[in-house]
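Thank you all for coming; I would like to walk through one model this morning, beginning with a pair of charged side chains and working outwards from there. Please have the picture in front of you.

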Amino acid sequence: MEIVAESDRLGIAHAEHIRGAVLRLIGGAGEHDRLLRLEAQCDRLAEETQQIARSIVRIVRSLKAARGLDLTT
């Protein structure tokens with residue numbers, strides 16, 4: 001009943017109030033948001049790294065082809 005009363009007082013859904021309380025208990029909503037942002041940054045960096053690696057492979061192949069080298073090595 002306390003959860004219902006408090007969430008009504010705050011003007012938020014009961015589930016939202018419970019979710020917020022749980023996030024605060026396990027490290028805070030701010031920490032949770034920070035972790036989500038860091039995870040997204042890591043995903044972007046991983047994709048950018050893969051793109052760079054593919055570009056390097058293409059450049060090396062082009063250089064080898066220009067010099068008439070075996071492309072299988």
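Glu6 and Arg9 are three residues apart in helix H1, and therefore they are separated by about one helical turn. Their side chains meet in a salt bridge, with 2.7 Å from N to O, where a salt bridge is a side-chain nitrogen of Lys or Arg within 4 Å of a carboxyl oxygen of Asp or Glu. Glu6 is partly exposed, with a relative accessible area of 28%, whereas Arg9, at 59%, counts as exposed; the cut-offs are under 20% relative accessible area for buried, over 50% for exposed, and partly exposed in between, with a 1.4 Å probe and protein chains only.

Before I go on, I should say that this is a predicted model, in which local features need pLDDT of at least 70 and side-chain atom pairs count only at pLDDT 80 or more, while totals for chains, interfaces and linings use all residues. Residues are numbered from 1 along each chain as its sequence is written, and side-chain values use heavy atoms, with hydrogens and water left out.

The structure holds two salt bridges, and besides the pair in H1 there is one between Arg54 and Glu47, whose closest N and O atoms are 3.4 Å apart. Here Arg54 is partly exposed at 39% relative accessible area, and Glu47 is partly exposed as well, at 34%.

Let me return to helix H1, which covers residues 2-10 and includes Ile3; helices are DSSP runs of H or I with at least four residues, strands are runs of E with at least two, and both are numbered from the N terminus. Which residue offers a side-chain polar atom to the backbone oxygen of Ile3? It is Ser7, with a polar atom of its side chain 2.9 Å from that oxygen, and a polar contact here is a pair of N or O atoms within 3.5 Å, of which, within protein, one must be able to donate a hydrogen and the other to accept it, residues adjacent in sequence counting only if both atoms are side-chain atoms. Ser7 is buried, with a relative accessible area of 0%, while Ile3 is partly exposed at 41%.

Leaving aside neighbours within four places in sequence, Ser7 is in contact, meaning heavy atoms within 4.5 Å, with Ile12, Ala13, His14 and His17. On the same basis, Ile3 is in contact with His14, His17 and Ile18, and the C-alpha atoms of Ile3 and His17, 14 residues apart along the chain, are separated by 7.5 Å.

That brings us to helix H2, whose buried residues are His17, Gly20 and Leu23. Seen down the axis of H2, these buried residues fall within an arc of 130°, so they line one face of the helix; the arc is that of the directions from the helix axis to the C-beta atoms.

Finally, the chain as a whole: there are three helices and zero strands, giving the pattern α-α-α along the sequence. Of the 73 residues in the protein chain, 8% are buried.
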